[in-house]
Amino acid sequence: WEVSDGLASQSAGKEVARLEGVHLGGVVSLVFLGADRLVSVGVDAQHTVAVWEWESSTQLVAFEPGDTHDILAVAAAPNQAEEFVTVGVQHIKFWRLPLHSDTMIVRRGIVGNKGRMQTLTCAAFLPSG
């Protein structure tokens, strides 16, 4: 798959990055993580989560299995180049990829005694993060 700039300029419609080698079946969701990174979620059986430095030679920074349940959306923390969240069928996960690292830290969200986990179809952060 490819990323195009979509701007009405000389480069309109031109490929600006090609992200290959991780998501063979397709991509369900994308989000920019800061200015230089792009998070993608695949439709494979493990719903692989990948982080790319898409402008600098489309280098894959890290990838991890996302969840055995479908991931339906990914959202990035505003003004933050390290943190994002994935949500989907019966789950929410909080991810952190420290700058200059290739290891993602992931924590599963819990509801506690307030109810039971349900399917989440979208996610967003407050402007304050």
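This is a guided tour of a predicted model, arranged as a series of selections to make in the viewer.

**The whole chain**

Begin with the full chain in a cartoon view, where the secondary structure comes to 10 strands and 0 helices, so that the elements from the N terminus onward read β-β-β-β-β-β-β-β-β-β. If you then switch to a surface, the accessible area comes to about 7700 Å², with 52% of that area belonging to carbon and sulfur atoms. Of the 129 residues in the chain, 36% are buried. Among contacts with a separation of 6 or more, 38% are between residues 24 or more positions apart.

**Strand β4 and its two partners**

Next, select residues 37–42, which form β4, and colour them by burial: 6 of the 6 residues in this strand are buried. The cover extends to both faces, with Arg 37, Val 39 and Val 41 buried on one side and Leu 38, Ser 40 and Gly 42 buried on the other.

Add β3, residues 27–33, and you will find that β3 and β4 run antiparallel and are joined by 6 bridges; within this pairing, Val 31 stands opposite Val 39 of β4. The hairpin of these two strands has 3 residues between them, and there Gly 34 takes a positive phi near 70°.

Now add β5, residues 49–53, which pairs with β4 in the antiparallel sense over 5 bridges. Here the residue to pick out is Leu 38, whose bridge partner in β5 is Trp 52.

**His 47, in the loop after β4**

Stay with the hairpin of β4 and β5, which has 6 residues between its strands, and select His 47, which lies in the loop joining them. Is His 47 buried or exposed? Its relative accessible area is 8%, so His 47 is buried, the cut-off for that class being under 20%. His 47 has a positive phi of about 50° although it is not a glycine.

Show the side chains around His 47, and look for the polar contact that its side chain makes with the side chain of Asp 70, at 2.9 Å. Beyond its neighbours within four places in sequence, His 47 is in contact with a set of residues that includes Pro 65, Gly 66, Asp 67, Thr 68, His 69 and Ile 71.

**Asp 67 and its salt bridges**

From that set, centre the view on Asp 67, which is buried at 5% relative accessibility. Which residues are linked with Asp 67 in a network of salt bridges? They are Lys 93 and Arg 108.

Follow the first link to the side chain of Lys 93, where the N to O distance is 3.1 Å; this pair links distant parts of the chain, with Lys 93 in strand β9 and Asp 67 in the loop between β6 (59–64) and β7, 26 residues apart. Lys 93 also counts as buried, at 11% relative accessibility.

The other link runs from Asp 67 to Arg 108, with the closest N and O atoms 2.7 Å apart, and it connects the loop between β6 and β7 to strand β10 across 41 residues of sequence. Arg 108, by contrast, counts as partly exposed, at 47% relative accessibility.

**The sheet β7 to β10**

Then select the open sheet of 4 strands, which has the order β7-β8-β9-β10 with antiparallel pairing. Its edge strands are β7 (71–76) and β10 (105–108), each of which pairs on one side only, and neighbouring strands are turned against each other by 20° on average, direction ignored.

Within this sheet, isolate β8 (residues 83–88) and β9 (residues 91–96), which run antiparallel and are joined by 6 bridges, and mark Phe 84 with its bridge partner in β9, Trp 95. In the loop between these strands, Gln 90 has a phi near 55°, a positive value in a residue other than glycine, and at 40% relative accessibility it counts as partly exposed.

Across the same two strands, the side chains of Glu 83 and Arg 96 meet in a salt bridge at 3.9 Å, N to O. Glu 83 lies in β8 and Arg 96 in β9, so the pair ties together parts that are 13 residues apart in sequence.

**A last stop at Gly 21**

Finish at Gly 21, in the loop between β2 (15–18) and β3, which is exposed with a relative accessible area of 70%. Draw a distance from its C-alpha atom to that of Leu 60, 39 residues away along the chain, and the separation is 8.9 Å.

Methods: Residues are numbered from 1 along each chain as its sequence is written. This is a predicted model: local features need pLDDT of at least 70, side-chain atom pairs count only at pLDDT 80 or more; totals for chains, interfaces and linings use all residues. Side-chain values use heavy atoms; hydrogens and water are left out. Buried means under 20% relative accessible area, exposed over 50%, partly exposed in between (1.4 Å probe, protein chains only). Contact means heavy atoms within 4.5 Å. Accessible areas come from the Shrake-Rupley method with a 1.4 Å probe; for residues, only the protein chains shown count as cover. A polar contact is a pair of N or O atoms within 3.5 Å; within protein, one must be able to donate a hydrogen and the other to accept it, and residues adjacent in sequence count only if both atoms are side-chain atoms. Two strands pair if DSSP finds at least two bridges between them. Axes are lines fitted to C-alpha atoms, for helices over the stretch in contact, and angles run from 0 to 180 degrees between N-to-C directions. A salt bridge is a side-chain nitrogen of Lys or Arg within 4 Å of a carboxyl oxygen of Asp or Glu.
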